[in-house]
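Visitor: I have a structure to go through with you. Could we take it in short questions?
Guide: Gladly; here it is.

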Amino acid sequence: MAEQKFLITMRSGPIPGSSYYIEKDEVYLGRDLSNDLPVPDPEISRRHARFLRKPDGIYIEDLGSTNGTFVNGVRLTGPQLLQHGDLITLAENTVMSFEVKEEATQPTRVSTQTFEPGLYEVPKPAQAAKKEYEPVAAPTPQQPVAQAPCMEKPKKGMGWFATLLLVLLIVIVIVALVLIFMPASWWCALTFNQLPGCPIY
């Protein structure tokens with residue numbers, strides 16, 4: 001049996017190439033986002049038209065739109081049955097095509113062949129898997145267990161350099177503190193009384 005599906009494809013307008021399958025009994029289209037098929041065209045009414053699914057096919061009906069709905073160039077005055085290949089025009093710029101697609105549904109076939117014992121030999125995958133994936137026995141105390149190689153410790157190549165920097169930093173800090181908190185007489189002695197305010201002998 002073949003199942004019919006009804007497809008609407010926008011040929012020209014705000015979203016050319018977009019398509020929509022009509023699967024509900026009523027499908028509304030218009031500018032408003034609440035429609036099943038929102039079409040962002042300012043010349044289209046908020047609720048412009050609708051598709052009606054009936055036993056004999058798909059009908060289209062204009063819902064009193066301002067700029068009208070046309071099928072193959074003829075303005076609608078009431079519901080009209082759509083045929084495969086019809087062109088639907090909303091206002092002036094939006095053109096959509098109507099297509100009827102038939103998809104074959106194949107029934108499930110049940111085999112009538114009887115199975116006679118002895119004709120076919122069924123492999124036993126469970127046994128094969130058991131042999132192939134046999135668990136490995138845990139090592140007994142008599143068997144030496146191989147130990148993973150120990151990771152080498154990183155060599156201390158730069159340790160002396162870091163120590164030297166630390167000692168140098170400590171010396172610099174001590175000298176700076178001594179110079180900051182040193183009495184004024186020491187400054188005069190270090191500069192041979194050349195600083196202003198030092199006594200002249």
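Visitor: Is Asp32 buried, partly exposed or exposed?
Guide: This is a predicted model, and the class is read from computed area. Buried needs under 20% and exposed over 50%. Asp32 has a relative accessible area of 27%, so the residue is partly exposed.

Visitor: Which residue meets the side chain of Asp32 in a salt bridge?
Guide: Asp32 sits in the loop between strand 3 and strand 4. The partner sits in the loop between strand 4 and strand 5, 14 residues apart from Asp32. That partner has 53% relative accessibility and counts as exposed. The N to O distance is 3.8 Å, and the partner is Arg46.

Visitor: How far apart are the closest N and O atoms of Asp36 and Lys24?
Guide: Asp36 lies in the loop between strand 3 and strand 4, and Lys24 in the loop between strand 2 (19-22) and strand 3. The two are twelve residues apart in the chain. Asp36 is partly exposed at 25% relative accessibility, and Lys24 is partly exposed at 39%. Their salt bridge has its closest N and O atoms at 2.7 Å.

Visitor: Are Arg50 and Glu61 buried or exposed?
Guide: Their side chains meet in a salt bridge, 2.8 Å from N to O. Arg50 lies in strand 5 and Glu61 in strand 6, so the pair ties together parts eleven residues apart in sequence. The cut-off for this class is under 20% relative accessible area. Both residues are buried.

Visitor: Which residues are joined into one network by salt bridges that share partners?
Guide: The salt-bridge count for the model is six. Shared partners join three residues into one network: Arg11, Glu99 and Lys101.

Visitor: In what sense do strand 5 and strand 6 pair?
Guide: A hairpin of two residues joins strand 5 to strand 6. Ala49 has Asp62 as its bridge partner in strand 6. Six of the six residues of strand 6 are buried. Six bridges connect the two strands, and the sense is antiparallel.

Visitor: What is the strand order of the open sheet of five strands?
Guide: Start with the edges. Strand 4 (37-38) and strand 9 (80-81) each have a single partner strand, so one side of each is left without a neighbour in the sheet. Strand 3 and strand 4 run parallel, joined by two bridges, while strand 6 and strand 9 run antiparallel, also with two bridges. The pairing is mixed, and the order is 4-3-5-6-9.

Visitor: Which residue is the bridge partner of Leu29 in strand 4, and which residue in strand 9 does Ile60 stand opposite?
Guide: Take the two ends of the sheet in turn. For Leu29, the partner in strand 4 is Leu37. For Ile60, the residue opposite in strand 9 is Gln80.

Visitor: Which residues of the largest nonpolar core touch the most other members?
Guide: The core has 21 residues. Strands that supply at least two of them include strand 5 (49-54), strand 6 (57-62) and strand 10 (87-90). The largest share, three residues, comes from strand 1. The residues touching the most other members are Phe51, Leu82 and Ile88.

Visitor: Which residues is Ile88 in contact with, leaving aside neighbours within four places in sequence?
Guide: Contact here takes heavy atoms within 4.5 Å. The list for Ile88 is Ile8, Phe51, Ile60, Thr69, Phe70, Leu82, Thr94, Val95, Met96 and Phe98.

Visitor: How many aromatic pairs are there, and what is the geometry of each?
Guide: Phe6 in strand 1 and Phe98 in strand 11 are 92 residues apart, and both are buried. Their rings are stacked, 6.0 Å centre to centre with 10 degrees between the planes. Trp160 and Phe161 have centres 5.8 Å apart and planes at 80 degrees, so that pair is edge-to-face. The count is two aromatic pairs, one stacked and one edge-to-face.

Visitor: Which residue lies over the face of Tyr28, and which lies over the face of Tyr59?
Guide: Over Tyr28, at 4.3 Å from the ring centre, lies Arg47. Over Tyr59, at 4.9 Å from the ring centre, lies Lys54.

Key:
Residues are numbered from 1 along each chain as its sequence is written. This is a predicted model: local features need pLDDT of at least 70, side-chain atom pairs count only at pLDDT 80 or more; totals for chains, interfaces and linings use all residues. Side-chain values use heavy atoms; hydrogens and water are left out. A nonpolar core is a set of buried Ala, Val, Leu, Ile, Met, Phe, Trp, Tyr and Cys residues joined through side-chain atoms within 4.5 Å. Buried means under 20% relative accessible area, exposed over 50%, partly exposed in between (1.4 Å probe, protein chains only). Helices (H or I, at least four residues) and strands (E, at least two) are DSSP runs, numbered from the N terminus. Two strands pair if DSSP finds at least two bridges between them. Rings of Phe, Tyr and Trp (its six-membered ring) pair if their centres lie within 6.5 Å; planes under 30 degrees apart count as stacked, over 60 as edge-to-face and the rest as tilted. A charge sits over a ring if NZ of Lys or CZ of Arg is within 6 Å of the ring centre and within 35 degrees of the ring normal. A salt bridge is a side-chain nitrogen of Lys or Arg within 4 Å of a carboxyl oxygen of Asp or Glu.
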